[in-house]
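I opened this notebook to record a few positions and one strand pairing. The entries follow in the order in which I looked them up.

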Amino acid sequence: MKYSQIHKRYATALFELATEMKVVDAVGEDMKTLHVLATESKELKLILKSPIIKSHVKDKVLSSLFEKDFQKLSMQFLRLLVRKSRELYVGEIAVQYIKISREAKGIVDVDVSSVMPLDPKVLKVISAQVAEYTGKNPEIAEKTNPDLIGGFQVSFGDAMLDVTIRKKLNIIAQKFQDNIYKKGF
């Protein structure tokens, strides 16, 4: 099984169970917490990655950390991951769950990169265009990137719109590489 498929399959299964039990948002909050801790806590990462630490010890550690605050379904899911030796992927599974949950709610994440922060009117136009194109509710995350020279990039899902000066300069440079001069008449 490919690693990317592991994340998606486990997250999808958890989402389906959470939907059935009507605890999608609560489990989503648990997954956000789990993702943050799994990526930022050096000690937790070491425990989860260690082949020396037995699964029952990992289960006890996770229970002591999360059992009070997490949903019952989230804890059962963590125990399943430990039993199946998939605890190493817990952070990625959490991210995938959050992504699936947001898609089910009709939310699409949109990244907008530009040299300087864009005018709110421009962001509204971008948001409206993405909403029209996808039929979903866009949430825009704006980033600045001085390497773009000018213009902006919009990406969501698998789509990307690049209207930067750097892109236009690259297109012109490629055209100049084609030798249009031919000897003779």
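Is Ser63 buried or exposed? I note at the outset that the model is predicted. I read a relative accessible area of 13% for Ser63. Ser63 is therefore buried, because the cut-off for that class is under 20%.

I then placed Ser63 in the fold and found it in helix α4, which spans residues 55-66. Leaving out residues up to four places away in sequence, I list Met75 and Arg79 as the contacts of Ser63.

My next entry concerns Ala38, which lies in helix α2, residues 24-40. For Ala38 I obtained a relative accessibility of 11%, so I entered this residue as buried. With residues up to four places away in sequence again set aside, Ala38 touches Leu44, Lys45, Val90 and Gly91. I also checked a separation: Ala38 and Asp25 stand 13 residues apart in sequence, and their C-alpha atoms are 20 Å apart in space.

I turned last to the strands. In what sense do β3 and β4 pair, and over how many bridges? Strand β3 covers residues 151-156 and strand β4 residues 159-164; I recorded their pairing as antiparallel, over six bridges. Within this pairing I located Gly151 opposite Thr164 in β4.

I also examined the connection between β3 and β4. The two strands form a hairpin, with two residues between them. In the turn I noted Gly157, whose phi is positive, at about 55 degrees.

Notes
Residues numbered from 1 in each chain as written. Predicted model: local features only at pLDDT ≥ 70, side-chain atom pairs only at ≥ 80, totals over all residues. Heavy atoms only, no water. Helix = DSSP H or I, 4+ residues; strand = E, 2+ residues; numbered from the N terminus. Buried < 20%, exposed > 50% of the residue type's maximum accessible area, 1.4 Å probe, protein only. Contact = heavy atoms within 4.5 Å. Pairing = 2+ DSSP bridges.
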